Amino acid sequence: MDIYQEAVHYLETQHVPVVVEAETDVLEEDVFQEEAASCIFSPFQAESLDFPDTPTSCSPEEMLERRLVVLKGILESEEVYLRELEALLMPMKALRASAGTSKPVLSSRQVQTVFYQVPELRDMHQSFYSGLKAQLSTHRQTDPSSGEERQMSHTGFELIVGDLFLKMVNQIGLYGGFIENYEEAVEVVHKCTQSDPRFRTLAESMMTNNGADKARTKYTFEALLYKPLDRVTKTTLVLRDLLQTTPVEHADYVALQEALRLSRSFLSGVNESSQCKREVMLSHGMRRQLMRDGFVVDVSEGERSLRHLFLYTDLLLCTRFKHATRGKQDQYRFCWYLPLAGLKLRWVADHERSSDTHLRLHTIRSKMFILRQQLQQQVKGVRGMNLGARSRKKLEQMELLLLTHSPVYRLELHSPSGKSHTLLFSSMYELEEWREAIHKLTADNIETVPPDLLTLTSACVKLRMTQQPPLQSSNAVEDMESLCGTLTVAIHSAWGLQQPTCVYMCVEVDGYEFYDTKAQTHSSVHSLNPHWDQELSFQVDGAQNVKVLCVSQSDRQDDTVLGKTTFRLDSKSLNKRWRRQTLQLGQVEVTLSLKYNPHPLNLPSSTAQQQPVFCVPIESVAQHEGVLVPHVVRCSVEEVERRGMDEVGIYRVSGTTSEINMLKAAFNSNLREAVTRLRSAEVNAVSGVLKLYFRELPEPLIPTELFQSLATTLDIQDINSRLISMLALLQSCPEANRHPFLYLMHHLRRVSEKQDINKMSLLNLATVFGPSLLRPPVAGLGHGGPAVDISQEVEVQVQVVFCYLQCNNLPEAQISVAHDTDADDETTHM
């Protein structure tokens, strides 16, 4: 029985008359009235049905009892739908694995087409189901028999679910992609069912469990594929039924009204897309269609403003959103537009912020943090709800300020007419999605027809797919699966590059931005298989998703995104132990590890800076960076091997002091910036900063207490016995000392292999590095053994390093600590 009909039946059994009135809705006013008739028979035209208004002749208690019945029905329906989605996704992993074999069931492209957006829909409804179930479970634990409690809650006034529905409807745009892809997915299923008996067997016998009774229902693949299509068309009906049983004075009423409006707007938009109602006729039978929209920051004369950007098939339209006043609909004001024909795009990352901007962002984040704490500690009851609503409103305002002033990724738009505009994004992932969408349209030969700006701007209310800015505070109901604490992502390596290039990885985490939630690795050297082994740490609150991008860097052109993906954080499987994953970013595969330490966050600090690396014990630097060979050593060595192996006198000829000090300061403050400068620095300055690092270590790389033992070892006449003794002494060194030393020794051996060109023999290199790597004990500090004559100190330093360089069985260095201490690798293909 339909939910509404069930409600009507219940009210009639209680002898409550149901009043039905005609419905008008100014939000449904057609923008393109001449095309309205073409939409009557659309399968998505939910608005063509007449929905009765809320029954008016029943008490609040009766309405709330009916409301609870509706909510329980929605929960049961969600549970069934989730089982259907799980059944649809069950063969995905096997089909994807088969795609890489010599006899695939489906190709990789076909697998992507068939399951497009289904995992995201499953995750969205799982989150909604979990939240609704938790709210209803909490409500059931409340005993309504107490007269005092019944008077306060009316057996349902404290059951708040409106924000859950609003959160789900704000993500309903996922269905748009599924619907657009649906016909192609069904075509693939039909084709493969006919041509491959293996797929036919699978497609005709898919099973789903029916809950606690353990019964199983048999589906066809196509039947399961239709389920999301069927589900989304009922969203408006479900919300309408729930709103009918929610008293106007209930705290959920406004949120449910907005969710209903957004749902109806989405379905109307889908209908318009299917019947060209989202389009405007151009010449030669072409149509102007909305392709994408969203909130961006527009920069004009140095001022930043939050704007709603609309991408049509032939132009970009920038508008200013004006919220509706009571009794009126939302409106948009025209700002500017640019034709896509001949439009040039350029994006840059402007990471340099003024001290005033840093202070302003810190102030905003601190206020957000305090408001967030207040919301978590708010008291229950009517007074607590009022205080919470005010705090949440302030938190939204702070988030909007942060959204306006924190973006650093700049997309410049240059039109052939000479007009230019600059947009800012806080997420590189979002910027790349916009850039891809615009570039795809500009690549075609587009004929631009001057738009009717008044009509086009007025149409934005009906055509928009993004309803509001992406604010974390708009989700009033907390997701129990979100993360709060320290999330660490270790980026290991990548492979699959088409040609050697410098690349870096960008990682973005969602949730509240009390701290920076975006970070990048340093740029790799030119390579087909770059390695970083770099840890990126995030202080997160409300984090659920991670976005990863692989970006190539070139001195001659803009950075280029080679691939990107996003994946959901599983709070149940993440812990303090590393968990290794392999991600598919287009043609590039990236290996990374994650670990998570849950804990309450502290108030954001305005003095958060990178820990310096020069003049700091090497074990402290290695521990902080999560490696065994510090990045300053690795990056400098890689750069010398890239372009300094043929340099005459490399390591003997000094670079300029000013450039070496500049590189030192960069490594002490910003690793990514330091590596970028390293790429363009004079090669002798690169070798100079490496020598300076070892020279300024508080304790030498070979511990001082081994100086006397090594000096004694040099007196052993038998070469093999001498080397065995020296390797044994090296093995006694701490890991943080031994592995950087071995790494440097192997590098210097490779340098000497080109001594015919660079004139640097092993003895020359030992003479340069010996005094920095090994130092004699200081008299009076308690080091045992007889003192070495000062005239012999340098000779001992040089000869010890020279002996290690001559050793043919020198152990290999371990560069990074092991991050795969958990279970087997989990390979995630996105």
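**Exercise 1. Place D123 and give its exposure.**

Solution. Start with the helix. D123 lies in helix α5, which covers residues 118-140. Note that this is a predicted model. Next, take the accessibility. D123 has 23% relative accessibility, so D123 counts as partly exposed. The cut-offs behind this are under 20% for buried and over 50% for exposed. Last, look across the chain. D123 and L85 are 38 residues apart in sequence, and their C-alpha atoms are 9.9 Å apart in space.

**Exercise 2. Do the same for E638, and list its contacts.**

Solution. Helix α19 spans residues 631-643 and holds E638. The relative accessible area of E638 is 18%, so E638 is buried. Now set aside the neighbours within four places in sequence. E638 is then in contact with V525 and Y743.

**Exercise 3. Find the aromatic pairs and classify two of them.**

Solution. Begin with the count. The whole structure has twelve aromatic pairs. Take F321 and Y332. Their ring centres are 5.1 Å apart and their planes stand at 50°, so the pair is tilted. Then locate the two residues. F321 is in strand β6 (residues 315-322) and Y332 is in strand β7 (residues 331-339), so the pair ties together parts that are eleven residues apart in sequence. Both F321 and Y332 are buried.

Turn to F369 and F514. Their centres are 5.4 Å apart, with 85° between the planes. Planes over 60 degrees apart count as edge-to-face, and F369 and F514 form a pair of that kind. This pair links distant parts of the chain, 145 residues apart. F369 sits in helix α13 (residues 355-376), and F514 sits in the loop between β12 (502-509) and β13 (518-520). F369 and F514 are both buried.

Finish with a group of rings. F115, F199 and F221 form one aromatic cluster.

**Exercise 4. Name the charged ends that sit over rings.**

Solution. Take R292 and W434. The charged end of R292 sits over the ring of W434, at 4.9 Å from the ring centre. Then take K564 and Y429. Here the charged end of K564 sits over the ring of Y429, and the distance to the centre is 5.6 Å.

**Exercise 5. Describe the largest nonpolar core, then a second core.**

Solution. First, the size. The largest nonpolar core has 69 residues. Second, its best-connected members. F694, M745 and Y804 touch the most other members. Third, follow M745. Leaving aside neighbours within four places in sequence, M745 is in contact with L773, V801, Y804, L805 and L810. Fourth, look apart from this core. Another core has 60 residues, including V186, V189, F199 and L256. F199 also belongs to the aromatic cluster with F115 and F221.

**Exercise 6. Trace the pairing from β4 through β5 to β6.**

Solution. Start at β4. Strand β4 (residues 287-300) pairs with strand β5 (residues 303-312) over ten bridges, in the antiparallel sense. In this pairing, D293 stands opposite F310 in β5. Then check the turn. β4 and β5 form a hairpin with two residues between them. E301 in that turn has a positive phi of about 55°.

Move on to β6. Four bridges join β5 to β6, and these strands run antiparallel. L309 stands opposite C318 in β6. β5 and β6 also form a hairpin, again with two residues between them.

**Exercise 7. Analyse the hairpin of β17 and β18.**

Solution. Take the cover first. Strand β17 (residues 579-585) is mostly covered, with six of its seven residues buried. Next, count the bridges. Seven bridges join β17 to strand β18 (residues 588-598), and the two run antiparallel. One facing pair is Q581 and L592, the latter in β18. Now the turn. Two residues lie between the strands of the hairpin, and G586 takes a positive phi near 65°.

**Exercise 8. Count the disulfides and check two cysteines.**

Solution. A disulfide needs two cysteine sulfur atoms within 2.5 Å. By this rule the count is zero. Check C807. C807 is in no disulfide, and the nearest cysteine sulfur, that of C803, is 9.4 Å away. Its burial follows from the accessibility: C807 is at 1%, so C807 counts as buried. Compare C502. C502 has 6% relative accessibility and also counts as buried.

Key. Residues numbered from 1 in each chain as written. Predicted model: local features only at pLDDT ≥ 70, side-chain atom pairs only at ≥ 80, totals over all residues. Heavy atoms only, no water. Phe/Tyr/Trp six-rings, centres within 6.5 Å; stacked < 30°, edge-to-face > 60°. Buried < 20%, exposed > 50% of the residue type's maximum accessible area, 1.4 Å probe, protein only. Lys NZ or Arg CZ within 6 Å of the ring centre and 35° of its normal. Core = buried A, V, L, I, M, F, W, Y, C linked by side-chain atoms within 4.5 Å. Contact = heavy atoms within 4.5 Å. Pairing = 2+ DSSP bridges.
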